[in-house]
Amino acid sequence: MLSQLTKLPANARVGVVGGGVAGLTFTYFLGKLRPDVQITLFNPESRPGGWIHSWHTQGPDGRPVMLERGPRTFRGVSDGTVLILDTLMQLGHGDNIRSVSKDSSADRKFVLDPRDRLVQVPNSLGSLARFLASPLSKGLLWGLAGEWARKPVGADAPDESAEALLTRRFGSPYPARNLFSAVYRGIYADDVGRLSAQKAVGRMVRDERAHGSLTAAAWARWRSAKADTSAAPELSPLVAAYGRALGRDAQELRSLAHRLAQFPMLGLTGGLQQFPDAFQAAVARFPNVALCTGTVTGLRGGAGAGDKQAVALEYTDAQGAQHKGKFSHVRLAVAPNRMAPLVAGANAPLFSKLNAIRSNTVSLVNMYIPGKDIVPAQFRGFGYLVPESNANPEKLLGVIFDSVIEQSFAPFAVADGAAPAAPATAAAAAPAGIYTKLTAMVGGSLYNDAEGHPTIPSEAETIARVKRALSRHLGASPTDLDGAQWLHTVARDCLPQFVPGYGAQAAEIERAVLADYAQGVSLGGMGFARGPGIPDVVSDAFTDAMKLH
Ligand SMILES: Cc1cc2nc3c(=O)[nH]c(=O)nc-3n(C[C@H](O)[C@H](O)[C@H](O)COP(=O)(O)OP(=O)(O)OC[C@H]3O[C@@H](n4cnc5c(N)ncnc54)[C@H](O)[C@@H]3O)c2cc1C
Ligand SMILES: C=Cc1c2[nH]c(c1C)Cc1[nH]c(c(CCC(=O)O)c1C)Cc1[nH]c(c(C)c1CCC(=O)O)Cc1[nH]c(c(C)c1C=C)C2
C-alpha cells in the first residue's frame with residue numbers, strides 16, 4: 001500500500017500482474033472508477049483466484065463432491081468483507097453467500113494438548129472451565145493476574161517476535177507455546193518465535209505502548225464501550241469511500257456492515273471459487289479490461305531506463321510465445337517471492353530486497369468419506385490446531401472439519417428484515433446425507449531447517465502422516481481412513497514469513513519502488529496488505545485503486 005500513489009493520467013494503460021483476488025479486485029475497482037484507463041490483467045491460467053481453488057470432482061461413490069484446496073471462509077468483521085459481499089450482491093451472487101453464526105458448531109475451535117487430547121478454545125463459561133483444567137492453560141491465569149504490573153517497553157522499542165511480547169506480558173513462555181502458537185499457526189503457518197509482533201499481534205503492541213499493559217487497555221476499552229450510548233456505528237472511512245466512489249447507498253452499506261459484524265465467518269455455497277469467478281466474469285464484460293492468460297517474466301523501465309512514464313512487461317502467453325507490453329502503471333498483485341524474479345534482470349537492488357522475504361510451504365490434504373461421519377460429536381467444530389507444546393511428529397499444523405462448516409452454513413439474508421433466500425437449514429449448502437470432509441494442513445515453518453529451507457515429504461508420506469495423526473487425535477479407524485478419498489496439494493511458498501522487522505522491510509521496498517519507478521509500479525497482495533487474509537488484500541486493492549483513480 002503506497003501512500004504516495006497519485007492519479008493516473010487520462011487514457012493511461014495499466015498492467016495487473018496476478019489474477020488472484022488481489023489482482024482481480026484491483027482490476028474491478030480501477031476498471032469501474034476509471035473507464036478511460038485500459039487495463040490488462042495477466043494470470044498464468046484461465047482459472048482465476050490464485051490460492052482460492054474449489055475443486056469439483058467425484059467421490060468414491062461416484063457422486064459429485066467439492067474439495068477446497070485453499071481458503072474456504074473469510075472473517076465477517078472487516079472492511080474488505082463488506083466490499084466483497086456488496087460487490088457479489090451487485091453481481092447477482094447474493095444467494096450464494098453463507099454465514100456461520102456465533103452459536104453454530106463451526107464457531108468452536110479446538111487445540112491439541114500435549115497428550116493429544118482436543119481442548120476447546122473457550123467461548124463460554126463451561127468451555128473456559130475445561131480449558132483452565134487442561135495443561136494448555138499453564139501460566140495463563142497467573143500471567144493475566146500480574147500482567148498489569150509488568151513493566152511495559154518504551155514507545156519506540158523495535159519490533160520483536162510475537163513470542164517475546166507474549167512472554168514478557170504473561171511473565172512465562174507457556175501461553176505463547178500453548179494457545180497462541182496454535183492460533184498463529186492457523187493463520188501464518190509459522191512459529192510464534194519467528195513472527196513479527198507488529199504484524200501478528202499489532203493490537204497488543206499498540207495497547208502496551210498506549211496503556212502500559214494489555215489488561216489496562218482491555219479495561220479502558222470496556223469502559224468506553226459501556227459509556228458509548230450512540231446508535232448504529234458509523235461506516236468506516238474505507239467503506240464510506242467505497243460507497244461514495246461506486247455510488248452505493250450509505251444506509252444499505254451500514255446495514256450490511258452491521259449484519260456482517262454478527263458473523264465470525266462467511267463462505268459461499270459451492271465453494272469460495274465463486275468469488276474470483278464472479279469478479280473475473282464481471283471484468284471480462286468491462287470494455288476497458290483485457291484478460292491475458294500468460295505469465296509475466298520480466299519488468300523493465302522506470303528511472304533506470306530513463307523513461308519514467310513507461311514500464312515494460314515481458315510475458316509468455318498460453319502457447320509459449322513471448323511478448324512485451326508498455327504500461328503507464330503496473331500493479332504487482334503476486335507474493336513478494338513471485339515479484340523478485342520479475343525485476344531480477346533489470347533492478348538488482350530491488351531484487352535482493354524482495355528476495356530476502358522468504359515464504360512458507362504448506363501441504364494440504366483433503367479427505368472425503370461419503371456415508372459416514374468420523375468427527376466425534378464432542379469435537380464438532382471448525383477444526384483443531386496443533387500448538388508448539390505438542391510433540392507433533394507428523395508436523396501437522398491443524399485440521400479443518402469442512403463437513404461441519406458446510407453443515408453450519410446458513411443463507412446470509414441481504415438486508416435487515418429481508419427473508420433468507422432459502423431456509424436456513426444445516427443441510428442447505430451441503431451434499432445430501434452423512435459424510436466426512438476435512439482438510440489437514442501440514443508443514444509450514446515445521447518443514448524448514450535452521451536456514452529456512454523446507455524439506456517437503458512425498459505425497460504418500462504426507463497422507464500416511466495425516467492418517468496417523470487422525471487415528472491418534474480423533475480415533476479414526478484404519479478401515480475408514482484407507483477407504484477414504486484423498487487429495488494432496490503442495491501450496492509451495494504460499495504465505496510470506498512475517499519475521500520481526502517485516503513492516504520496516506516492506507516499507508523500505510515500497511520506498512525503493514517509488515524511487516525507481518516513480519508512479520509506474522505499485523505493490524499489492526499478501527506481502528503488502530495489512531494482513532494475509534482475503535479481506536485484507538481486497539481492502540488494499542480498493543485503497544490503491546482509489547489513489548490512482
Ligand atoms: C493454505 C491457505 C489457506 C488460507 N486460508 C484462508 C482463509 O481461510 N481465509 C482467508 O481470508 N485467507 C486465507 N488464506 C489467504 C488467502 O489465500 C490470500 O489472502 C489470498 O489468496 C491472496 O490473494 P492474492 O491475489 O494476493 O494472491 P494469490 O492467491 O497468490 O494469487 C496470485 C495470482 O498471481 C498469479 N501469478 C503469480 N506469478 C505470476 C506471474 N509472474 N505472472 C502472472 N501471474 C502470476 C498466480 O498464479 C495467482 O493466480 C489462505 C492461504 C493459504 C495459502
Ligand atoms: C493450520 C493451518 C492453517 C489454517 N488456515 C490457514 C493456515 C496456515 C491460513 C489462514 N486461515 C485464515 C486466514 C486469514 C486470516 C485473516 O487475517 O483473515 C489465513 C491466512 C482464516 C482462519 N483461520 C482460522 C479461522 C477460523 C479462520 C477464518 C476466520 C478468521 O479469520 O477468523 C483458524 C484455523 N485455521 C486453520 C485451522 C485448522 C483453524 C482452526 C481450527 C487452518
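**Sheet pairing, domain arrangement and ligand shells**

Ser 99 stands opposite Ala 410, a residue of strand 17. In this predicted model, the two strands concerned, strand 6 (residues 97–100) and strand 17, run antiparallel and are joined by two bridges. Both belong to an open sheet of four strands, in which the order is 5-9-6-17 and the pairing is antiparallel. The edges of this sheet are formed by strand 5 (74–75) and strand 17 (410–411), each of which has a single partner strand, so that one side of each is left without a neighbour in the sheet. In general terms, the strands of a sheet pair through backbone hydrogen bonds, in either a parallel or an antiparallel manner.

At the level of the whole chain, the assignment divides the model into domain 1, made up of segments 13–50, 274–357 and 498–548, and domain 2, made up of segments 53–149, 161–272 and 359–496. The centres of the two domains, taken over C-alpha atoms, are separated by 28 Å. Across the boundary, 35 residues of domain 1 are in contact with 39 residues of domain 2.

Ligand 1 lies between the two domains, because domain 1 and domain 2 both give residues to the shell around this ligand. The shell comprises 30 residues, of which Asn 43, Thr 73, Val 296, Pro 532 and Ile 534 are the closest. By residue class, the shell around ligand 1 divides into 18 nonpolar, 11 polar and one charged. At least two residues of this shell are supplied by each of helix 1 (21–33), strand 2 (38–43), strand 10 (289–302), helix 13 (336–343) and helix 19 (534–548), and strand 10 gives the most, with three residues. Polar backbone atoms take part in several short separations from this ligand: a polar backbone atom of Pro 532 is 2.6 Å from an oxygen atom of ligand 1, a backbone N or O atom of Ala 22 lies 2.9 Å from an oxygen atom of the ligand, and a polar backbone atom of Val 296 is 2.9 Å from a nitrogen atom of ligand 1. On its own, ligand 1 has 1000 Å² of accessible area, 87% of which is covered by the protein.

Ligand 2 is surrounded by 19 residues, with Arg 75, Gly 186, Ile 187, Gly 383 and Val 399 coming nearest. For Arg 75, an N or O atom in the side chain is 2.3 Å from an oxygen atom of ligand 2, whereas for Gly 186 a backbone N or O atom lies 3.1 Å from a nitrogen atom of the ligand. Taken alone, ligand 2 exposes 760 Å², and 83% of that area is buried by the protein. The shell around ligand 2 divides into 10 nonpolar, five polar and four charged residues. Among the secondary-structure elements, helix 6 (174–188), strand 15 (383–385) and strand 16 (396–400) each supply at least two residues of this shell, with strand 16 giving the most, namely four residues.

Note on methods. Residues are numbered from 1 along each chain as its sequence is written. Chains are lettered from A and ligands numbered from 1 in the order in which they are written. This is a predicted model: local features need pLDDT of at least 70, side-chain atom pairs count only at pLDDT 80 or more; totals for chains, interfaces and linings use all residues. Side-chain values use heavy atoms; hydrogens and water are left out. A residue is near a molecule or strand if one of its heavy atoms lies within 4 Å of it. A polar contact is a pair of N or O atoms within 3.5 Å; within protein, one must be able to donate a hydrogen and the other to accept it, and residues adjacent in sequence count only if both atoms are side-chain atoms. Accessible areas come from the Shrake-Rupley method with a 1.4 Å probe; for residues, only the protein chains shown count as cover. Ala, Val, Leu, Ile, Met, Phe, Trp, Tyr, Cys and Pro count as nonpolar, Asp, Glu, Lys and Arg as charged, and the others, Gly among them, as polar. Domain bounds come from an automatic or database domain assignment. Two strands pair if DSSP finds at least two bridges between them. Contact means heavy atoms within 4.5 Å.
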